[in-house]
Amino acid sequence: YVNGVEETSFDTASYLNQNDDNMNWNSNVPQIIGAQLSGGTSERFQNGYITNFVNIDGQSLAPTSFGETDSTTGEWKPKADLSGLTFGTNGFWLKYESAGNLGIDSSGNSNTYTVNNAGTNAKTVDTASNNFVTWNPLVNRSFQYPMTLSEGNLKVIADSNTSYGSTMAATVSLGKGKWFWEFKYTTSGTGGYVVGWGEDTYNFNYQADAYPYKTTLGSSSGVFYRADGGKAVNGTETGSAWDAWAQNDIIGVAADLNAKTISFYNQGVLQFTVTSAFTAGVSYYPEFYGYGSKGGQANFGNPPFTISSGNADANGHGNFEYAVPSGYYALCTKNINSYG
């Protein structure tokens, strides 16, 4: 089903009948979610996330038993409360809510699953009903030296080439609203690596050295905090007047696209604020530029790294290491729907 509508046309593959028993589902064998069991061991692990996994034993229910159309956005979304369903003897409802016990069964049947090899930060606040921004593999602004994405497209590492760099942009560009995100610089070195917000009218054709803040390469503009402690504002660079980045420093970015201002933080300490930073009527992406295997992890509200404190925005969305500045919001669909 896609948005509640059953897909019935498969042009390139044929799939098992709904009632085919070759899957051994609900049979007296180990039941595994997210991996394939072969020869007594799990193989072919799923590289992704699962939310709201439900098994109904003894009935075949319609999609409307599990999801509904949002009256505001028109999007298909999971129902928050499934407690009225009859799950059956082997039925279960895995919500993956508890970080300490992701496999707990919420159906009342106590058919709890054992979690294996989930790793740290396996629980995510990015769900089917509230998506958070990630880096966008389609906006990888150097075709010769592309960046590598992992950890749900939140970790970005530049190509090993030390002469040419590339820019990674997020999955959303915005022209209004007040937004906050963090970037954990997991590598070392203070070369030309920057984070900030860049204009989305940038020339997407290949540029050998795709600095996002040099207007000589396409029509890019924006404001960026450099790893050496400098800044770049619409193509004009300023030297190392602020704190340089150290390995595992967390850089905070607070962009007010309404007032056209942007502020940068290092380890929660304000470094600088730029006024008249953005052009009216233009949309901007969160961006990272780097080269030479440099990079880190972005936290747009759904952190891929361990948070020691925990701070949400005023709407209760997101999980940040440092306090969200007053009036700023995490980059997620619920906030973007309201303010973007």
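In the predicted model, Glu-321 is buried but takes part in no salt bridge. The nearest side chain of opposite charge belongs to Lys-184, at a distance of 7.5 Å; a salt bridge would require a side-chain nitrogen of Lys or Arg within 4 Å of a carboxyl oxygen of Asp or Glu. Glu-321 lies in the loop that connects β20 (295–299) with α1 (333–339). When neighbours within four places in sequence are left aside, the residues in contact with Glu-321 are Glu-182, Ile-250, Thr-306, Ile-307, Ser-308, Ser-309 and Asn-311.

Burial was also examined along strand β13, which comprises residues 222–226. Five of the five residues of this strand are buried, and β13 is therefore largely enclosed by the rest of the structure. The residues of β13 point in two directions: Gly-222, Phe-224 and Arg-226 point one way, whereas Val-223 and Tyr-225 point the other way. Residues on both sides of the strand are buried, Arg-226 and Tyr-225 among them.

Strand β13 pairs with two other strands. Strand β12 (residues 194–199) runs antiparallel to β13 and is joined to it by five bridges. Within this pairing, Gly-196 has Phe-224 of β13 as its bridge partner; Phe-224 is one of the buried residues described above. The pairing of β13 with strand β14 (residues 231–233) is likewise antiparallel and extends over three bridges. Here Tyr-225 stands opposite Lys-231 of β14. Together, β13 and β14 form a hairpin, with four residues between the two strands. In the turn of this hairpin, Gly-229 adopts a positive phi of about 95°.

Note on methods
Residues are numbered from 1 along each chain as its sequence is written. This is a predicted model: local features need pLDDT of at least 70, side-chain atom pairs count only at pLDDT 80 or more; totals for chains, interfaces and linings use all residues. Side-chain values use heavy atoms; hydrogens and water are left out. Buried means under 20% relative accessible area, exposed over 50%, partly exposed in between (1.4 Å probe, protein chains only). Lys and Arg count as positive and Asp and Glu as negative; His and the chain ends are not counted. Contact means heavy atoms within 4.5 Å. Two strands pair if DSSP finds at least two bridges between them.
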